[in-house]
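Hi there,

Here is the structure I promised to pass on to you. Please open it next to this email, and take your time with it.

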Amino acid sequence: KDYQTKMKLSIALVATFAAGAAAFAPAARPAAAASSTALSARQPIMAGNWKMNPATEEDALKLATDFSKLLGEEACAIEEFDGCTEVVLFPPFPFISKVKDAVDEVGIAVGAQGVCFE
């Protein structure tokens, strides 16, 4: 994927935290640009840590569902590299299982946040 697609995905993730899933609108796919670097052979990854947001399971499921609909074919599992971006979400601990169930079908991975006292 080209730089513009990566930026759109990053902006979409930031908008998730700022305004919720309702802030998303479908975007046109730009044409892929050729790259001469060795890094172009690597699968891009976009990961988002939700910190302690959203506060309810219902809001977390709506956010995850809307986000997966927005990404459509832009996201894929790591073993399915075919010019798509691997997407990983890190929701709050109480919602991990439900969010995983909501996004697993479209290839979005779910992870856990590290917890440490200091």
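Below is what was found in it, from the overall fold down to single residues.

First, some ground rules. This is a predicted model, in which local features need pLDDT of at least 70 and side-chain atom pairs count only at pLDDT 80 or more, while totals for chains, interfaces and linings use all residues. Residues are numbered from 1 along each chain as its sequence is written, and side-chain values use heavy atoms, with hydrogens and water left out.

**The overall fold**

The chain has three helices and three strands. Both are DSSP runs, numbered from the N terminus: helices are H or I with at least four residues, and strands are E with at least two. Along the sequence they follow the pattern α-β-α-β-α-β.

Of the 118 residues, 34% count as buried. Here buried means under 20% relative accessible area, exposed means over 50%, and partly exposed is in between (1.4 Å probe, protein chains only). The surface that the chain exposes comes to about 7,700 Å², with 58% of it supplied by carbon and sulfur atoms. Those areas come from the Shrake-Rupley method with a 1.4 Å probe, and for residues only the protein chains shown count as cover.

Now for contacts, meaning heavy atoms within 4.5 Å. Among the contacts in the chain with a separation of 6 or more, 66% are between residues 24 or more positions apart.

**The sheet**

The three strands form an open sheet in the order β1-β2-β3, with parallel pairing. β1 and β3 stand at the edges with a single partner strand each, so one side of each has no neighbour in the sheet. Two strands pair if DSSP finds at least two bridges between them. As background, strands of a sheet pair through backbone hydrogen bonds, either parallel or antiparallel.

Five bridges join β1 to β2. You can look for two of the partnerships: isoleucine 45 with glutamate 86 in β2, and methionine 46 with valine 87, also in β2. On the other side, two bridges join β2 to β3 (residues 109-110), and leucine 89 stands opposite valine 110 in β3. The chain gets from β2 to β3 through α3, and this β-α-β crossover is right-handed. That term applies if, with the strands pointing away from the viewer, the path from the first strand over the helix to the second runs clockwise.

**The core**

β2 is mostly covered, with four of its five residues buried. Which residues have the most contacts inside the largest nonpolar core? They are Trp50, Phe67, Val87, Leu89, Val99 and Ile108, in a core of 13 residues. The elements giving two or more residues to this core are α2 (57-71), β2 (86-90) and α3 (96-103), and α2 gives the most, with five. A nonpolar core is a set of buried Ala, Val, Leu, Ile, Met, Phe, Trp, Tyr and Cys residues joined through side-chain atoms within 4.5 Å.

Serine 68 is also found in helix α2. This serine is buried, with a relative accessible area of 8%. Leaving aside residues up to four places away in sequence, serine 68 touches Ala102, Val103, Val106 and Ile108.

**The loop between β1 and α2**

Lysine 51 lies in the loop between β1 (45-49) and α2, and it counts as exposed at 52% relative accessibility. Beyond residues up to four places away in sequence, lysine 51 touches Phe90, Pro92 and Gln113. Lysine 51 and proline 91 are 40 residues apart in sequence, yet 6.9 Å apart in space, C-alpha to C-alpha.

Two backbone details here are worth a look. Most residues other than glycine have a negative phi, and most peptide bonds are trans. Lysine 51 has a positive phi of about 55 degrees although it is not a glycine. Proline 54 has its place in this loop too, and the peptide bond from asparagine 53 to proline 54 is cis, with omega near -5 degrees.

**Salt bridges**

How many salt bridges are there? The count comes to two, where a salt bridge is a side-chain nitrogen of Lys or Arg within 4 Å of a carboxyl oxygen of Asp or Glu.

- Lysine 62 and aspartate 66 meet at 2.7 Å, N to O; both lie in helix α2, four residues apart, about one turn of the helix.
- Aspartate 104 pairs with lysine 100, with the closest N and O atoms 3.5 Å apart. Aspartate 104 is partly exposed at 44%, and lysine 100 is partly exposed at 38%.

Happy exploring!
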